[in-house]
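Please read this note with the sequence and the model side by side. The numbered points below may be taken in order.

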Amino acid sequence: MKRQRNRGRVVAAVLAAMCAVAALPGQAHAADPGVYAFDPEAKKVQGATANVEASELDEGVPYRSTIRPGEKLYYRVTLDEVSAAYVSAVAVPGDSGKAAYGDGINVSLRETDDTPCSSQRANFGAGEYARPIAAYVSRTIKESSSTCQESGQYDVLVERESKGTSNPDAWNLELRFLREQRLKGAGESPSGAVWWESAGPVVRAVSAGSSDR
């Protein structure tokens with residue numbers, strides 16, 4: 001039960017960051033560029049520039065890292081052959097200066113031979129002040145697919161896209177890796193939350209977290 005509550009809080013934070021991106025125009029951040037509360041239990045991890053040197057992320061453990069303009073950093077996760085897997089990244093820029101148009105992060109989940117499994121991009125529009133932005137990637141088990149279905153190690157690649165006029169300071173990152181076993185013929189997760197694949201882990205994990213209260 002404790003793990004389910006933690007998962008609810010984990011993805012609720014990601015959902016809050018995503019909602020801020022979608023709901024608030026850039027000028028609304030002029031007075032408040034956004035404050036993100038990092039998990040106090042987050043472990044520090046350094047991204048690697050080569051996938052063979054990537055540090056492994058444990059399931060259910062929050063991590064903190066940093067990324068500089070133009071960097072492409074690898075992290076690693078180990079997946080089994082029966083569970084859906086999700087990795088989220090929240091990028092937290094500094095509180096000074098505007099983000100240039102198109103600044104953001106691209107997150108992708110890949111097999112170690114660089115075969116892509118999933119990717120998502122989060123970026124700023126014109127005139128938006130720096131604030132937390134979030135993206136997540138996933139691997140779901142599909143009988144009709146032969147890509148990214150086997151157990152083993154997978155790479156998580158986080159890329160920061162920045163213009164020359166952008167603030168060159170490093171952005172903080174919060175990374176989370178969650179896993180959920182596939183169910184046979186049912187539309188529910190083990191926690192009882194409805195499985196909405198199109199909504200990703202956000203809806204399901206938030207439901208799981210609130211159901212334990």
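The points that follow go from the overall fold to the sheet, the cores, the disulfide, the salt bridges and one loop residue.

1. Overall fold. The structure is a predicted model. The protein chain holds 2 helices and 10 strands, and along the sequence these elements follow the pattern α-β-β-β-β-β-β-β-β-β-β-α. Of its 213 residues, 45% count as buried. The accessible surface of the protein chain comes to about 10,900 Å², and carbon and sulfur atoms account for 48% of that surface.

2. Contacts across the sequence. How many of the contacts between residues at least 6 apart in sequence join residues at least 24 apart? In the protein chain the share is 73%.

3. The open sheet. One sheet of 5 strands is open, with the order β2-β4-β9-β6-β7 and mixed pairing. Strands β2 (55-56) and β7 (116-123) stand at its edges; each has a single partner strand, so one side of each is left without a neighbour in the sheet. As general background, strands of a sheet pair through backbone hydrogen bonds, either parallel or antiparallel. Within this sheet, β4 and β9 pair in the antiparallel sense over 8 bridges. A bridge to locate in the model is that of Val77, whose partner in β9 is Tyr154.

4. The largest nonpolar core. Which residues touch the most other members of this core? Among its 29 residues, they are Tyr75 and Val77. The elements that contribute two or more residues to the core are β3 (63-67), β4, β5 (83-92), β6 (104-111), β8, β9 and β10. In general terms, nonpolar side chains tend to be buried together in soluble globular proteins.

5. The surroundings of Val77. Leaving aside residues up to four places away in sequence, Val77 touches Glu56, Leu57, Val87, Leu109, Gly152, Gln153, Tyr154, Val156 and Phe177. Separate from the largest core is a second core of 5 residues, which includes Tyr36, Val90, Val92 and Ala134.

6. The disulfide. A search of the whole structure finds 1 disulfide. This bond joins Cys117 to Cys148, with an S to S distance of 2.0 Å. Cys117 lies in strand β7 and Cys148 in the loop between β8 (133-139) and β9, so the pair ties together parts that are 31 residues apart in sequence. The torsion about the S-S bond of Cys117 and Cys148 is about -90°, and the disulfide is therefore left-handed. Cys117 is partly exposed, at a relative accessible area of 24%, whereas Cys148 is buried, at 3%.

7. A salt bridge between two strands. The count for the structure comes to 6 salt bridges. One of them links Arg76 and Asp155, whose closest N and O atoms are 2.7 Å apart. Arg76 belongs to strand β4 (residues 72-79) and Asp155 to strand β9 (residues 152-161), so the pair ties together parts that are 79 residues apart in sequence. Are these two residues buried or exposed? Both Arg76 and Asp155 are buried.

8. A salt bridge from a loop to a strand. The side chains of Asp39 and Arg176 also meet in a salt bridge, at 3.4 Å from N to O. Because Asp39 lies in the loop between α1 (2-23) and β1 (43-44) and Arg176 in strand β10 (residues 171-181), this pair ties together parts that are 137 residues apart in sequence. Asp39 is partly exposed, with a relative accessible area of 23%, while Arg176 is buried, with a value of 5%.

9. A further salt bridge and a network. Asp114 forms a salt bridge with Arg110, and their closest N and O atoms are 3.2 Å apart. Asp114 is partly exposed at 43% relative accessible area; Arg110, at 18%, counts as buried. Elsewhere, salt bridges that share partners join Asp39, Glu174 and Arg176 into one network.

10. A loop glycine. Gly102 is found in the loop between β5 and β6. Gly102 is buried, with a relative accessible area of 7%. Apart from residues up to four places away in sequence, Gly102 touches Arg121, Asn123, Phe124, Glu161 and Lys163. Gly102 and Asn123 are 21 residues apart in sequence, and their C-alpha atoms are 5.6 Å apart in space.

Definitions and conventions: Residues numbered from 1 in each chain as written. Predicted model: local features only at pLDDT ≥ 70, side-chain atom pairs only at ≥ 80, totals over all residues. Heavy atoms only, no water. Salt bridge = Lys/Arg side-chain N within 4 Å of Asp/Glu carboxyl O. Helix = DSSP H or I, 4+ residues; strand = E, 2+ residues; numbered from the N terminus. Buried < 20%, exposed > 50% of the residue type's maximum accessible area, 1.4 Å probe, protein only. Pairing = 2+ DSSP bridges. Disulfide = S-S within 2.5 Å. Contact = heavy atoms within 4.5 Å. Areas by Shrake-Rupley, 256 points an atom, 1.4 Å probe, with all protein chains shown as cover. Core = buried A, V, L, I, M, F, W, Y, C linked by side-chain atoms within 4.5 Å.
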